[in-house]
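New to this one? Here is a quick briefing to read alongside the sequence and the 3D view.

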Amino acid sequence: MDTLNDKNTAPIGLFDSGVGGSTIWKEIVSLMPYENTLFLADNKNAPYGEKSREAIIALCDANTQFLLDSGAKIIVVACNTGTTNAITYLRDKYKQIPFIGIEPAIKPAGLQSITKKIGVLATRRTLTSSLFAQTSEHLKQEEQVQIIEQVGEGLVDLIEAGAIESPEMEVLLRKYLLPMVAQGIDYLVLGCTHYPYLLPQIQQIIPSHIKVIDSGYAVAKQTRNILAKYHLLNEKTTTPSHLWITNGNLPILEMFAPKNMPNLQIKKM
């Protein structure tokens, strides 16, 4: 892949079905503080998890085109559902730019599990994707890991509505988590980028010995590695610019933005 030096200051592009991708954005900014970023939150079409594979691919394609038109030098599909259903299509179509995907962290959880029982909380489309099936089948066959899958239906909708600490959220989390706890899991994998925002509630429901993991840091690290591989890292120590764009609910996106960050702009498309 040919690169130009003036691309180094171009932004890292990220997209998600909504505010969930901001959890990946925060890891990237923490790891690479000099990089400019552009995060697209497709709130209007959230959640992706109950849509058809064809619809998910079409939405991811449109998001990618927007980020490319905005000058992104790399694209992070900061959405488990988007990655597991559309990443192959995107890489085949847009060969001129590197893509970083995100998958549920079942492999590290499975390898570290003592009970060999791990729980996965994710969207329906992530859990039924061929990409997830390949990884989980390997763990089941090679490592004898039992993977207890749970569709987190309704969770993204409540997060996108700003109802994280609502009674409805408490009811759903208990409904989804307690059966996995009863089956003896010692790791819980959060398979959606929205779900880290639920960590305080989750930790109040499950026993303290159960470790909760997501893919945020691993995605940020892989993004840095790929940028370094193609000589695209921004090593200028000037203050970076960050832009969050939504096509839906602006106040909700603002609610999840870090406070006291003057170089972050948030606007509606």
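**Around the cavities**

The side chains of Tyr48 and Asp42 are joined by a polar contact of 2.5 Å. Keep in mind that this is a predicted model. Tyr48 is a handy place to start, since it turns up in the lining of the largest cavity and in the UniProt "binding site" annotation, which comes from an unreviewed entry.

**The two cavities**

- Searching the whole structure turns up 2 cavities of 30 Å³ or more.
- The largest cavity holds about 60 Å³ of space, and the second largest about 40 Å³.
- Lining the largest cavity are Asp16, Ser17, Pro47, Tyr48, Gly49, Cys79, Asn80, Thr81, Thr123, Val156, Cys192 and His194.
- Sorted by class, that lining of the largest cavity comes to 5 nonpolar, 6 polar and 1 charged residues.
- The second largest cavity has a lining that includes Thr23, Ile24, Asn80, Ile102, Leu190 and Cys192, and also Asp214, Ser215 and Gly216.
- By class, the lining of the second largest cavity splits into 5 nonpolar, 5 polar and 1 charged.
- Asn80 and Cys192 appear in the lining of the largest cavity and in that of the second largest cavity.

**The annotated binding site**

- In the unreviewed UniProt entry, "binding site" covers Asp16, Ser17, Tyr48, Gly49, Asn80, Thr81, Thr193 and His194.
- These residues spread over 179 residues of sequence, yet they cluster in space, with a largest C-alpha distance of 11.9 Å.
- Of them, Asp16, Ser17, Tyr48, Gly49, Asn80, Thr81 and His194 are found in the lining of the largest cavity.

**A closer look at Tyr48 and His194**

- Tyr48 sits in the loop between strand S2 (37–41) and helix H2 (53–69).
- Tyr48 counts as buried because its relative accessibility is 1%, under the 20% cut-off.
- Beyond four places away in sequence, Tyr48 touches residues including Asp16, Ser17, Cys79, Thr81 and Arg125.
- His194 has its place in the loop between strand S7 (187–191) and helix H9 (199–205).
- With a relative accessible area of 0%, His194 is buried too.
- The side chain of His194 reaches the backbone nitrogen of Gly20 at 3.3 Å.
- Among the residues His194 touches, leaving out those up to four places away in sequence, are Asp16, Ser17, Val156 and Glu160.

**The annotated active site**

- UniProt, again in an unreviewed entry, puts "active site" at Cys79 and Cys192.
- The two are spread over 114 residues of sequence but cluster in space, with a largest C-alpha distance of 6.7 Å.
- Cys79 and Cys192 are both in the lining of the largest cavity.
- Cys79 lies in the loop between strand S3 (74–77) and helix H3 (80–93), and is buried at 5% relative accessibility.
- Setting aside neighbours within four places in sequence, Cys79 is in contact with Phe15, Asp16, Ser17, Tyr48, Ile102 and Thr193.
- Cys192 is in the loop between S7 and H9, and is buried at 8% relative accessibility.
- Not counting residues up to four places away in sequence, Cys192 touches Asn80, Leu121, Thr123 and Val156.

**One more tyrosine**

- Tyr34 is in the loop between helix H1 (21–31) and S2.
- At 37% relative accessibility, Tyr34 counts as partly exposed.
- Neighbours within four places in sequence aside, Tyr34 is in contact with Asn234, Lys236, Thr237, Thr238 and Pro240.
- Tyr34 and Asn260 are 226 residues apart in sequence and 17 Å apart in space, C-alpha to C-alpha.

Technical notes:
Residues numbered from 1 in each chain as written. Predicted model: local features only at pLDDT ≥ 70, side-chain atom pairs only at ≥ 80, totals over all residues. Heavy atoms only, no water. 1 Å grid on protein atoms, 1.4 Å probe; cavity = no way out; pocket = protein on both sides within 12 Å on 5 of 7 lines; lining within 4 Å. Points joined across faces, edges and corners; volume = space filled by probe spheres on them. Nonpolar A, V, L, I, M, F, W, Y, C, P; charged D, E, K, R; others polar. UniProt positions renumbered as here; feature names shortened; annotations may be inferred. Helix = DSSP H or I, 4+ residues; strand = E, 2+ residues; numbered from the N terminus. Buried < 20%, exposed > 50% of the residue type's maximum accessible area, 1.4 Å probe, protein only. Contact = heavy atoms within 4.5 Å. Polar contact = N/O pair within 3.5 Å; in protein donor to acceptor, adjacent residues only side chain to side chain.
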